[in-house]
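Visitor: Could you examine closely how the helices pack in this part of the model, and set out the criteria as you go?

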Amino acid sequence: MKLMVVGALKPGMVVAQNVYTLDDQLVVSKGTVLDEKTINRINGYSIFNVFIDENIQVKKLSSEIDENRELSFSEKLKLSEDFSRFKTDLEKNSSRLKKTFSAIVNEDKQIDINEITDPVYNLMVEAGAGYGVFDMLNNLHDYSDEIYMHCINVSLICNLIGTWLRLTSEEVKLVTAAGLLHDIGKVKLPENLLNSSTPHSEKDKLLMRSHVTLGYDLVKDMDIDEHIKNCIVMHHERRDGSGYPFHLKGEQIDEFARIVAIADLYDELTSKRLNRGPICAFDVIAMFEKEGLQKFDTKVVMTFLSHISNSFIANRVRLNNGREGDIIFINPDKLSRPMVKCGDDFLDLATHPDLKISEVI
Ligand SMILES: [Fe+2]
């Protein structure tokens, strides 16, 4: 193991110890193979040294093999073998989860937490530790399979948030399982309601909302952790009492359900749905910045926003004036308005209220 200054890091080097910010947030996990994007991200924090594993041979990453400098990070990622493998496995796990949910609902199958979370952990490993999963998810928003893919995405995001919050491994597993099961009650709803591409009537909205209690009724007598049951019934509750079904407030909401709530809403908004396209992640981050502190647990939402914003460093974006550029710095006081390098211009969106990111490309 060798301590290296950040300026000397090269793609292909393997991180030997977790890298944290000065305020103790995880930036890169042990075992991560560095690529240009991760190095840029480390540069974006006040981090000076990183422990590198000298014994692991430096290998070329598939994202580096592409010599075409014109391709954006996202385009290169989508062309990589890692991405197609992740996508295929995500689809396989989605159909497996459909069978599992059906067995739980129709055949009284008991829930085995290890069995259901193993595929999620495999996806985490496959995507690479830390931000790798977000890089994948950021490029996978065109599925309209609402329940199963969404549950896996939420589970992956819950796993990351749990790790960023430095929960114990048992607690991370618990919140990973809760993310996977949070919408199980939707299996009980009529297909035509779930697949409707027109806005729901007031009556249908109420029926949709019943998925939280339907889900709770399904699992309430099962031998699983009470926190998981709470996550199923409480993931639409909001800190200010504006949620449902019980209008719980603050500490009344299970601490794990506060994590699932954020992961659920982020994935819901950034994914394509039958009646709308995906919402740009920076609009969603702006929404969380505006309303997040009233509606969500402060520590969880701040940790989440800081990490997801930084996961976009080195991504190419299109602004609302049509210009394209690369995100080079995330402003910690205005996470949704980073510094973007467009050609030779450095545009600080925090000081350009007329500009905003309309798309990550
Ligand atoms: Fe839900």
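Guide: The following account treats helix 15 and then the crossing of helix 5 and helix 7. The model is predicted, so local features require pLDDT of at least 70 and side-chain atom pairs pLDDT 80 or more, while totals for chains, interfaces and linings use all residues. Residues are numbered from 1 along each chain as its sequence is written.

Helix 15 covers residues 298-310 (helices being DSSP runs of H or I, at least four residues, numbered from the N terminus). Its 13 residues should span 18 Å at 1.5 Å a residue (1.5 Å times one less than the number of residues), and this agrees with the 18 Å between its end C-alpha atoms. Buried in this helix (20 or more other C-beta atoms within 10 Å of the residue's own, placed from the backbone) are Val300, Val301, Thr303, Phe304, Leu305, His307, Ile308, Ser309 and Asn310. These buried residues pack against helix 1 (36-43), helix 6 (132-137), helix 7 (148-164), helix 13 (255-270) and helix 14 (281-295) (contact: C-beta atoms, placed from the backbone, within 7 Å).

Helix 7, one of those partners, also packs with helix 5 (residues 113-127), at an angle of about 65° and with the axes 10 Å apart (lines fitted to C-alpha atoms over the stretch in contact; angles from 0 to 180 degrees between N-to-C directions). The two helices are therefore roughly perpendicular (65 to 115 degrees). Their crossing is right-handed (the near helix turned clockwise from the far one by less than a right angle). At this crossing, Val120, Leu123 and Met124 of helix 5 meet Ile152, Ser155, Leu156 and Asn159 of helix 7.

Terms used:
A residue is buried if 20 or more other C-beta atoms lie within 10 Å of its own, exposed if 12 or fewer, and partly exposed in between; C-beta atoms are placed from the backbone. Two residues are in contact if their C-beta atoms, placed from the backbone, lie within 7 Å. Angles under 35 degrees count as roughly parallel, over 145 as roughly antiparallel, 65 to 115 as roughly perpendicular and the rest as oblique.
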